[in-house]
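Q: Please take one part of this structure and look at it closely, beginning with how neighbouring pieces pack and then following the chain into its surroundings. I would like a careful explanation that connects one detail to the next.

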Amino acid sequence: MTSSGASGAKRSYTTAAISWDDHPVTAHPESTLPPISHLHHGAAACQDRQVRLLHDVLGKHKKNAILVCSWIERGIQSALERLQRTNPIIYILRDPKAIQAHLRIASEQKARDIVDAASAFFRKCTRFEFFNISEDQSTPTELRNTRLSSPNTEPDRPTAPYLTLKRAERHFLKFLSLILPSGAIPFIESAFPLARVPPEERQFTYAISLPLSSLIGGKLNIQELEVGADVIEIVVDDLVTDQAHQSRFLHEIPPSRASEISRVVARVRRDTVIPIFLYVAFPEAASSDEPWRALYQSYVRHCLRLAPEYTSVDLRLESHLLTNTTAVKGTSKVVGTLQSPDSDPPPWKASVWLSYYQKAQATGCDLARFTRRATSTSNNFDVRLVHHMAESSPGPRLPLIAYNTGILGRPSACFNQIFTSVMPEGMPEIPHERNSEATAPLHPSLTAREATQALYSSFFFHPMRLYIFGANVDYSLSPAMHNAALKACGIPHHYERHSSSNIASLQELINDPHFAGASVSFPFKIEVISLTHSLSRHARAIGAVNTLIPIRQINPDGSIPDEALLFNGRNLAGPIKALYGENTDWIGIRACIRRGLSPANAVRPSSSGLIVGAGGMARAAVYAMLQLGVKNILIFNRTLANAEKLVSHFETLLSRNGLPLFSASPGPGEGTGFHIIRSLSDPWPEDYKHPTMLVSCIPTHSINGNPAPDFTAPAQWLESPTGGVRKEAHRGWVSMDGLDLLPEQGFAQFELFTGRRAPRRLMREEVIRASLLFLSQNGSCIDASNYYTPSILRSISSTGIVGLFEKTTSTASCFFLLVGHVIGHQGLFVDTDRLFGPGRREKVVLEELAFYRQAIVQPEEQKLMVEVDGEGKKDI
């Protein structure tokens, strides 16, 4: 596959195929070449035509085109080799098992042989490599078709069947965004705050170290292991294990192993949003042995093909080899590395470290990383010496990673500023035979949580207080979500509720020297702006604030520090000099819409979005739609004047080009249109297509004694033939509600409050867990069938929840999980009309439920109470 001229917003697509049967070659309509077939003209003529056709297409479409080509012919290879000097050519491969099933190949080994042969050909004439994961392998059968998942969320949070390609789409677009110029892929940019600040520019960032050998089997759950991580470091340890001698006579990485590495990187990238660092461990023999050196370089080159954000290269290579590597790094950042395995390494004051740092500078590296085995605790104080030498070195200033390894070296690892390698929580221990002296630097001796806790226990950082502030926030799930995330990351802050009818009471919280920030809730999102000294560009454009951040250090001119310094000033107590206002509601809304839109409802110039409400949340919803390229936005609000004020606000912004868009909108000549719906009984306006996005921004609970609005979307609003995204599921519409939005915007708030990556999976699960617990404690029944995953079931089994569960696609498997994890406390009450459908006989229901119960618990342990067709509760 080739892609060129990606900066254009509008692209044309060209495909070419050649026939190996009785059908003629299919070429682009503009081609002047006559048709030809293998049967009538022979193989040689067809191969020659392939080459001519490729050159013909390339001559006519030098820009704004994608060429898909699967021909294996020497002339094609030569043409692609020339083309890759100026164009990004991608080799796309899949796992042999999927290819075997698709092509009905007799054996998987034969499919592997075919893939290896094709890989050897295409890797010579392509610059990049993308492994397309078979999506149907990632979700257990019994869990499919339940809760809609994020394209980047955990495998056990299933994807709706009509969105099964969303994760693949997001994965490939992410890959393209890494290899193409910035802005080439519209609307792919992350809106989360830390995404704009590279890990090497932040303070105390951690690389979760995962050996390739532990990832090959696919057993590790990346989202569970990445808590506290800023980078995923995949350690390619092939050349330093006990089996490395088997590679002694190889001059390059075997095709099958290269494909395995590609698959692992693809799996990690699809399951996480944080950057990937590919670290190829350097075999000591490569320092003096040419075959080993060539093999090591082939591994590094293959890693660069996968477009990781960071790749290592060992500084013991000759300078010209280092320069050759950095010359083809593309958008990847190269980390010049020296990890000394010596039992008696040179001290930090030795000039050898400075010489390697200068070598990294001279050969085009982007960062430098030095580690050595600690022989005494005093080594931890000496690390500062190499930093002093680097700061005094002329030339480009490279971010420096330097610390001691081993048990004695943990203090220096804790206080290393960037990219400290850490082991994940719960990672299986490294087998003793692999943890030799030579490989010890590859195995970190502390976790990210332990390193973070050390910063607080040593008084470098301070425990802080966080709040959610609003008129009635006693129901809020934010404290449970944030406190769980803080605990998981080892941060001793506390997040609590503060309800008030007067914004003036916020001042007493701000005066606390340990105030770390606040989430601002209804109805103060606009009023709170009066307390701020500075607003983010997004909050200013929206005209509403939902996040307050204290500023304790300001620039000499009185301005707020830029984003990197802003994050690095978190977690420190002291007097507050300014308040910074941000809005993360729009980030959460944008994420939910992106996640829920099916390919049929992808945003186009004609797409429409509908917003109910005109307050601060409605402003964030309008802003989110504008950031997604929605050109037609309709507003309904019961107070017409407020709707008009909202529309006027954004029309003024757009007329002044005051909207900070992430991407250039498609169809730049088409303006954005707003329309106010004045009454629920009004017919849908003829000039607008029916909406595929409907966002309700009105309260669902009473505030200050005022009941929540009784609102139901009229049928004429929901006539989109392809459905869309809204609060409740309805005729093909994807359901998104507060339990989806809260964690999405909460991720951004967590980053702003702490300067650390949010543990996303944990926060999502905690929101649902807390909501179920809140409802059960207040005597409410729970319709939780949309939210359950095995991990949530396990975690809430001790709460004694009495639940009401709707019928799902797979009733038996879902109910099996529920009984297995929830029964045993207060009993599980089931409305069989809703679970199994009306008309089921009592005997059948009782027998079916008894079967599930008998399979899991002893008969005398607990009772399962069942309400059968409204006849009262019976135990089985």
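A: **Two crossing helices and the sheet**

In this predicted model, helix H6 (residues 166-179) and helix H9 (residues 255-271) have axes that come within 9 Å and cross at roughly 105 degrees. Because angles from 65 to 115 degrees count as roughly perpendicular, H6 is described as roughly perpendicular to H9. On the H6 side, the contact is made by Arg167, Ala168, His171, Lys174, Phe175 and Leu178, and H9 contributes Ala266, Arg267, Arg269, Arg270 and Asp271.

Asp271 gives us a way onward, since this residue of H9 is also among the contacts of Ile222, a residue of helix H8 (residues 222-225). Once the neighbours within four places in sequence are left aside, Ile222 is in contact with Leu210, Leu215, Ile232, Val268, Asp271 and Thr272. Its relative accessibility is 4%, and because a residue under 20% counts as buried, Ile222 is placed in the buried class. Ile222 can also be related to a residue much further along the sequence: Pro424 is 202 residues away in sequence, while the two C-alpha atoms are 9.6 Å apart in space.

Ile232, one of the contacts of Ile222, brings us to strand E7, which covers residues 231-236. Strand E7 pairs with strand E8 (residues 276-280) in the parallel sense, over five bridges, and in this pairing Glu233 has Phe277 of E8 as its bridge partner. As general background, the strands of a sheet pair through backbone hydrogen bonds, either parallel or antiparallel.

Stepping back from this pair, we find an open sheet of eight strands, arranged in the order E12-E11-E10-E9-E8-E7-E6-E13, with parallel pairing. At the edges stand strand E12 (400-405) and strand E13 (420-422), and since each has a single partner strand, one side of each is left without a neighbour in the sheet. From one strand to the next, the twist averages 25 degrees.

Helices lie against this sheet as well. Helix H10 (residues 290-305) lies across E7, E8 and strand E9 (310-314), and the direction of H10 is at about 165 degrees to that of E9. Helix H13 (residues 379-392) also packs on the sheet, where it touches strand E11 (367-373) and E12, and the directions of H13 and E12 make an angle of about 160 degrees.

Towards the E12 edge, E11 and E12 run parallel and are joined by six bridges, with Ala368 standing opposite Leu400 of E12. Although E12 is an edge strand with one side lacking a neighbour in the sheet, six of its six residues are buried, so the rest of the structure largely encloses it. It is worth keeping these two statements apart in your mind, because the first concerns partner strands in the sheet, while the second concerns accessible area.

The loop between helix H12 (351-362) and E11 holds Thr363, which at 4% relative accessibility counts as buried. Apart from residues up to four places away in sequence, Thr363 touches Ser319, Leu322, Thr323 and Thr326. For Thr323, which is 40 residues from Thr363 along the chain, the separation between the two C-alpha atoms is 4.8 Å.

Other parts of the model can be read with the ideas used so far. Helix H4 (residues 96-103) and helix H5 (residues 108-122) pack at an angle of about 110 degrees, their axes being 8 Å apart, and these two helices are therefore roughly perpendicular to each other. Their contact is made by Pro96, Lys97, Ile99 and Gln100 of H4, together with Glu108, Ala111, Arg112 and Val115 of H5.

Burial can likewise be followed along a whole helix. Helix H20 (residues 585-596) has 12 residues and reaches 17 Å from its first C-alpha to its last, which is close to the 16 Å expected at 1.5 Å a residue. Because 12 of the 12 residues of H20 are buried, this helix is largely enclosed by the rest of the structure; among the buried residues are Trp586, Ile589, Cys592 and Arg595.

Cysteines are a last point to check with care. Cys414 counts as buried at 8% relative accessibility, and Cys489 is buried too, with a relative accessible area of 2%. A search of the whole structure nevertheless finds zero disulfides.

Note on methods
Residues are numbered from 1 along each chain as its sequence is written. This is a predicted model: local features need pLDDT of at least 70, side-chain atom pairs count only at pLDDT 80 or more; totals for chains, interfaces and linings use all residues. Side-chain values use heavy atoms; hydrogens and water are left out. Two strands pair if DSSP finds at least two bridges between them. Helices (H or I, at least four residues) and strands (E, at least two) are DSSP runs, numbered from the N terminus. Axes are lines fitted to C-alpha atoms, for helices over the stretch in contact, and angles run from 0 to 180 degrees between N-to-C directions. Contact means heavy atoms within 4.5 Å. Buried means under 20% relative accessible area, exposed over 50%, partly exposed in between (1.4 Å probe, protein chains only). A disulfide is a pair of cysteine sulfur atoms within 2.5 Å. The expected span of a helix is 1.5 Å times one less than its number of residues. Angles under 35 degrees count as roughly parallel, over 145 as roughly antiparallel, 65 to 115 as roughly perpendicular and the rest as oblique.
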